[in-house]
Amino acid sequence: MREFDGHELVLFGHDAGTGLRAIIAIHSTALGPAAGGCRVWPYATTAEAVADVLRLSRGMSYKNAMAELPFGGGKAVILGDSHRMKNARLFEAFGRLVDSLGGRYITAEDVGTTTQDMADVARATRYVSGLGAAPGEAGGDPGPKTALGVYLGIRAAVEFRLGRKELQGLRVAVQGVGGVGHHLCGLLAADGAELFVADVQQAAVQKVCEKYPARPVAVDEVLSLEVDVLAPCALGGILDARSIPRLRARIVAGAANNQLAQGEDGTALQQAEVLYAPDYVINAGGIISVSREYHGGSEAQVIADIQRIPARLTEIFERARRENRTTNAVADQMARERLARRTA
Ligand code: NAD
């Protein structure tokens, strides 16, 4: 398969009692046990699920390496519709599958799974994170932590691309105001940024606009608004040959995973002089929280780790400019270098 990239292990699990069908992929354990969330998704075919878990697990190797976490890259997918099939027994069965790997893979929540699901997983294995947290301890909902990293990353991108240290009066469009986007709006609004928000769920838009001075915009307009920063916080694959020529933002910096439909779309952004903050570098706040939680760290340590994201981005921006390369190519290379140093 095209997505296969020397993965260490791909495990198919089936549990007759609960109907669980899951795949765990471990891309690399060079930097530590493979960590990455568990996604529940109604894949049309098993091949599609395998392709997704291969791609996502490699993405976690890169994300964890760039965040300087003591973890490798892994991911799990459960085949099915999260609204119809989820129950405690299913997640316990998934927990047994995770446990069978003896700690080579550590799971957490992702699209289609929640903190509660992870509590069910935790009945069958200790190799799970993303559970609740007591005040002052690392853990809990990773969304606000991701939002903090994206906010600090936007500040770094604004300074690099626009030469401005403050966000006051800057125009920022946020696509998707769910768990991450909503919190991001709060942080940007506190700095006096002018916000434009779009979401397919009107209630989510309304909630943000009632709380902060933000203007609602149509879902099909948000990508082509005349703004300084576009922050994609909804779906992946939104930057492609159709959307890039319509962009009028000078910076793209947001939480969504896999924002570039293809690696080459990074070249189109570079040619259009749009500064792109590589998604897995800027959105690492959540996995940083999950990682600290797993090792029993504090909330203060999580915040300190997240505060290192902007410097990492600036290093990527500078290297890309110096070498006349795309920021995504530079980030991928830096991640691969970190992995190779440990495997050598
Ligand atoms: P979420 O599901 O809470 O929010 C996503 C929001 O986007 C929803 O309100 C949804 O209605 C909206 N949306 C969906 N399609 C849309 C469209 N076409 N146009 C506009 N809005 C649309 O998810 P989240 O936890 O906020 O995560 C947002 C993105 O960030 C996802 O891509 C996720 O994979 C990524 N991410 C999240 C975290 C985290 O800690 N939660 C960490 C890293 C990356």
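How do the residues of the lining of the largest cavity divide into nonpolar, polar and charged? In this predicted model, the count comes to seven nonpolar and three polar residues, with no charged ones. A search of the whole structure turns up one cavity of 30 Å³ or more, and the space inside the largest cavity is about 50 Å³. Its walls are made by A35, G36, F71, I106, T107, A108, I287, V290, S291 and Y294. Helix α10, covering residues 285–294, gives the largest share of that lining, with four residues.

Next comes the ligand. The shell around it holds 21 residues, and those that come nearest are T146, G179, V180, D199 and A234. Sorted by class, the shell has ten nonpolar, nine polar and two charged residues. Some side chains pair up with oxygen atoms of the ligand. For T146, an N or O atom of the side chain sits 2.7 Å from a ligand oxygen. D199 also has a polar side-chain atom placed 2.6 Å from an oxygen atom of the ligand, and for N257 the corresponding distance from a polar side-chain atom to a ligand oxygen is 3.0 Å. Taken by itself, the ligand would expose 830 Å², and the protein buries 74% of that area. Two elements give two or more residues to the shell, namely α5 (143–162) and α6 (179–190).

Then there is the second largest pocket, with about 330 Å³ of space. It is lined by 17 residues, and F160, Q270, E273, V274 and L275 are the closest to its centre. Several elements supply at least two lining residues each: α5, α8, β12 (275–276), α12 (309–323) and α13 (327–343). The lining of this pocket is a mix of seven nonpolar, six polar and four charged residues. Charged residues thus have a place in the lining of this pocket, whereas the lining of the largest cavity has none.

The backbone has a couple of spots worth a look as well. Most residues other than glycine have a negative phi. E68, which is not a glycine, has a positive phi near 55°. E68 belongs to the loop that runs between α1 (46–66) and β5 (72–79). Is E68 buried, partly exposed or exposed? Its relative accessibility is 44%, so E68 counts as partly exposed.

N258 is another non-glycine residue with a positive phi, this one near 50°. The loop that holds N258 lies between β11 (251–252) and α8 (265–271). With a relative accessibility of 35%, N258 also counts as partly exposed.

Finally, S243 sits in a loop too, between β10 (229–232) and β11. Its relative accessible area is 6%, which means that S243 is buried, the cut-off for that label being under 20%. What lies 2.6 Å from a polar atom of the side chain of S243? The partner is the backbone oxygen of I238.

Notes. Residues are numbered from 1 along each chain as its sequence is written. This is a predicted model: local features need pLDDT of at least 70, side-chain atom pairs count only at pLDDT 80 or more; totals for chains, interfaces and linings use all residues. Side-chain values use heavy atoms; hydrogens and water are left out. Buried means under 20% relative accessible area, exposed over 50%, partly exposed in between (1.4 Å probe, protein chains only). A residue is near a molecule or strand if one of its heavy atoms lies within 4 Å of it. A polar contact is a pair of N or O atoms within 3.5 Å; within protein, one must be able to donate a hydrogen and the other to accept it, and residues adjacent in sequence count only if both atoms are side-chain atoms. Accessible areas come from the Shrake-Rupley method with a 1.4 Å probe; for residues, only the protein chains shown count as cover. Ala, Val, Leu, Ile, Met, Phe, Trp, Tyr, Cys and Pro count as nonpolar, Asp, Glu, Lys and Arg as charged, and the others, Gly among them, as polar. On a 1 Å grid over the protein atoms alone, a cavity is a set of points where a 1.4 Å probe fits but cannot get out, and a pocket is an open set with protein on both sides within 12 Å along at least five of seven lines; lining residues have an atom within 4 Å of a point. Grid points are joined across faces, edges and corners, and a volume is the space filled by probe spheres set on the points.
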